[in-house]
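Biologist: I'm new to this one, so could you take me through a single part of it at close range? I'd like to hear about the main nonpolar core and whatever surrounds it.

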Amino acid sequence: MKLYGFSASNYYNAVKHLLLAKGLEFEEVKEYPSQNADYVKIHPLGKVPALLTEQGAISETDIIMEYVDSLAAPHFFPSDPFEKAKCREIMKVAELYIELPARRHNNETLIGKPRCDVAYQESRPLMEKGLKALDTLCQSAPYLMGDTMTAADIFVRYALVVGNMAAVRIYDWKLLDDYPALKAWNQHMREDPISQKVDQDAQDAMADLKAYFAQFKK
Ligand SMILES: N[C@@H](CCC(=O)N[C@@H](CS)C(=O)NCC(=O)O)C(=O)O
């Protein structure tokens, strides 16, 4: 399998973390989002990540994660239908109500473009709601769904990287300070050896990412 994307992308890193946790073989192919004709054949929107399998390509992180998880044990989506739905619910809440509103600030935080005032007004209240919902839904003891690590831990960890970046840089707000259980969970996840490898790869990729973003500053 080939995983297309770049190492500083939270979506890419969620899939990469899962592939590593499952011990599956895969090749990383560096790709920035684009409408290049060849890449759009792999990801119809030109976003990252995309997973190329022997049968064809798959896009959308949660869908890729479910596919990857179905390939072999150990499994990170619960087998019980209700528990699986709860796992997906946690992932969706983190994406829709924390990651996506935070992402509206990426032009400012990553490219250095002027602040979007509408995003400034709208994002934080939504992120606060999302965090409260996440805290309500999660046990964080020690993992979001209890004793064992699930796909929710992996996905949410990287979604919160984007959330925290916007919180700190735009609002001077430490995202998890009011949520000690989530804060302890986040620290626990950070210490995971796979998280450490993915984080190190992300750090190593920053210079290249900055050079890529420089073209959008003009
Ligand atoms: N819904 C997509 C979102 C992926 C996404 O937004 N990736 C970012 C990089 S972290 C991207 O490709 N952005 C470029 C764009 O939106 O055109 C998924 O779950 O994979």
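Modeller: Here is a walk through the core, the helices around it and a few residues worth finding on screen. Keep in mind that this is a predicted model, where local features need pLDDT of at least 70 and side-chain atom pairs count only at pLDDT 80 or more, while totals for chains, interfaces and linings use all residues. Residues are numbered from 1 along each chain as its sequence is written, and side-chain values use heavy atoms, with hydrogens and water left out.

Let's start with the domains. The protein chain splits into domain 1 (2-74) and domain 2 (81-196), with bounds that come from an automatic or database domain assignment. Their centres, taken over C-alpha atoms, are 21 Å apart. Where they touch, domain 1 supplies 12 residues and domain 2 supplies 16 residues; contact here means heavy atoms within 4.5 Å.

Now the core itself. A nonpolar core is a set of buried Ala, Val, Leu, Ile, Met, Phe, Trp, Tyr and Cys residues joined through side-chain atoms within 4.5 Å. Buried means under 20% relative accessible area, exposed means over 50%, and partly exposed is in between (1.4 Å probe, protein chains only). The largest such core has 50 residues, and Met65 and Leu175 have the most contacts inside it. Two or more residues each come from helix 1 (10-22), helix 3 (61-71), helix 4 (81-103), helix 6 (117-137), helix 7 (151-171) and helix 8 (180-190). Helices (H or I, at least four residues) and strands (E, at least two) are DSSP runs, numbered from the N terminus. Helix 7 gives the largest share, 13 residues. Because domain 1 and domain 2 both give residues to this core, it lies between them.

Zoom in on Leu175. Leaving aside neighbours within four places in sequence, Leu175 is in contact with Ile98, Met127, Leu131, Leu160, Gly163, Asn164 and Ala167. Apart from this core there is another, of 12 residues, including Tyr32, Ala50, Ile111 and Tyr212.

Met65 brings us to helix 3, where Thr61, Ile64, Met65, Glu66, Val68 and Asp69 are buried. The buried residues of helix 3 pack against helix 1, strand 3 (50-53), strand 4 (56-59), helix 4 and helix 7.

Have a look at helix 3 against helix 4. Their axes come within 12 Å and cross at roughly 145°; axes are lines fitted to C-alpha atoms, for helices over the stretch in contact, and angles run from 0 to 180 degrees between N-to-C directions. On one side of this meeting are Asp62, Met65 and Glu66 of helix 3, and on the other are Lys84, Arg88 and Met91 of helix 4.

Lys84 deserves a stop of its own. With 30% relative accessibility, Lys84 counts as partly exposed. Not counting residues up to four places away in sequence, Lys84 touches Glu66, Phe77 and Pro78. Thr150 is 66 residues from Lys84 in sequence, yet their C-alpha atoms are 9.5 Å apart in space.

Finally, try two loop residues. His105, in the loop between helix 4 and helix 5 (106-111), counts as buried at 2% relative accessibility. Beyond four places in sequence, His105 touches Ala119, Tyr120, Ser123, Ala166, Ile170 and Tyr171. Ser140 sits in the loop between helix 6 and helix 7 and is buried too, with a relative accessible area of 12%. Again not counting residues up to four places away in sequence, Ser140 touches Ala181, Leu182 and Trp185.
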